[in-house]
Amino acid sequence: MKREHLIKPVLDHHYPTIQYGKGVYLYDDQGKAYLDASSGAVTAGIGHGVQEIIDAMLEQAGKVSFVYRSQFTSEPAERLAKKLSDLAPGGDYWSFFVNSGSEATETAMKIAIQHWQEKGRLGKNKVLSRRMSYHGITMGALSMSGHVLRRRRFIPLLEDFPVVAPPYCYRCPLNKTYPACGLACADDLETAIKRIGAEHIAAFIAEPVIGAAGGAVVPPEGYFKRIKEICNRHEILFIADEVMTGIARTGAMFAMQHSGVEPDLMALGKGMSAGYTPMAAALVKDHVMEPILKGSKSIMSGHTYSANPQSAAVSLAVLDYMEKHQLVEAAKVKGSYLLARLERLAEQFEPIGDVRGAGLLLAVEFVSDRISKLPFPAGLGLTSRIIDKAFHKGLLVYPAAGGVDGAGDAVIVAPPLTITEAEIDLLVQLLEETVREVLQEISGFDRGEI
Ligand code: PMP
């Protein structure tokens, strides 16, 4: 294998070199265009190369790009914290700025544990999550994640935090049907709490719409209300991981606004700076901060680049751009147009078992049989085949594990919220060609050979 210096995700794979991005397109050094229907891991919410963001970045760089958070604060960081609190469900949030979604969930976890410590409840330090979840790649975040594949290599080093049933109605892990189920998946949290003991549990973390570990899985009506009520009853903090769903993606500024629940903590990342600079945050309700303000008055976490003024200025510009161009509304309107187009695609292809999502966070799940909903054999690598074929055609879609514990195939379709209807039509056309060709490729597969 040729020696190189850049560690890439797959070392012997060729990755095109991107020269520039504009709108929903990325262009490589060979002149090939890629329609970015995944916004780069659901990040580039306002599209690439937006001049207003570049201007804001330059303006801040002309003032100051870096101050150390242990010594100073900065005007953009202060303004951003205020703005996020104004936008978040019910307001009254404090922001702790970090650089990635993983740091945001891990910081939220640490603050939740510290909250109980300051109250003298030292045993409350476990964080429960769900089997079908992804909260990040650092050890603490991975300890809270139910993503089987991403955990596998590190299991001996991870905390053995308990996981509960996910609200995955398409193939319910409890073999029930909504609404007759009575939200049994939410009640599974209560069963786990009673088994473990609330005195050992600091928090429960969940994605409002399950992303990489399931593919745009929207919970049934009433799910988060029940979850919050269970958490409150047992004195357990609720952390909403809005890293993928937050900042307009699902047709609300925060996806929790769809359920009318105000989380005790939230994690934000990705769309917060729309990919222009690294920026993420743990948002903490006033009542969670209270014992810390009365107690040690400091949060035992932080990174050199935390609350970076350059990144904060970019985030403010992204939020301004979203307001100016009404992108929360756009996510709703364009999301329902794209959803309808994907549903039509499902009519054409038997193996498309489910099309789902919220706003412009949508996904398509593939099954080998629509009635039994059995997934294709894992050895077939259907998700990778679709992602690769689409890539070849110049279409970027995002892989999801699909199914409980990764047993399934799904792709996320989540283009920038600025996408036009004509671009959506092209996206669907390219996806249709992709699905047709991949299904032809695997049509003769023999289960025995896989
Ligand atoms: N939480 C969720 C819900 C995510 O989707 C991701 C990233 N896919 C993360 C956390 C981790 O974010 P990052 O990759 O920025 O560390």
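1. Which helix supplies the largest share of the shell around the ligand? That share, 3 residues, comes from helix 4 (residues 101-118), where helices are DSSP runs of H or I with at least four residues and strands are runs of E with at least two, numbered from the N terminus. The model is a predicted one, in which local features need pLDDT of at least 70 and side-chain atom pairs count only at pLDDT 80 or more, whereas totals for chains, interfaces and linings use all residues. Residues are numbered from 1 along each chain as its sequence is written.

2. Of the 16 residues around the ligand (C-beta atom, placed from the backbone, within 6 Å of it), those that come nearest are Ser100, Gly101, Ser102, Gly136 and Val243.

3. Leucine 360 lies in the loop between strand 11 (352-358) and strand 12 (361-366), and it counts as buried because it has 33 C-beta neighbours inside 10 Å; buried requires 20 or more other C-beta atoms within 10 Å of a residue's own, exposed 12 or fewer, and partly exposed falls in between, with C-beta atoms placed from the backbone. Beyond its neighbours within four places in sequence, leucine 360 is in contact (C-beta atoms within 7 Å) with residues including Arg249, Ala331, Leu338 and Pro415.

4. In helix 2 (residues 51-63), the buried residues are Ile53, Ala56 and Gln60. They lie on the same side of helix 2, because they cover an arc of only 60 degrees around the axis, taken from the directions from the helix axis to the C-beta atoms. What covers these buried residues includes helix 3 (75-87) and helix 10 (309-324), while the face turned away from the buried side carries the exposed residues Gln51, Asp55, Leu58, Glu59 and Gly62.

Definitions and conventions: Contact = placed C-beta atoms within 7 Å.
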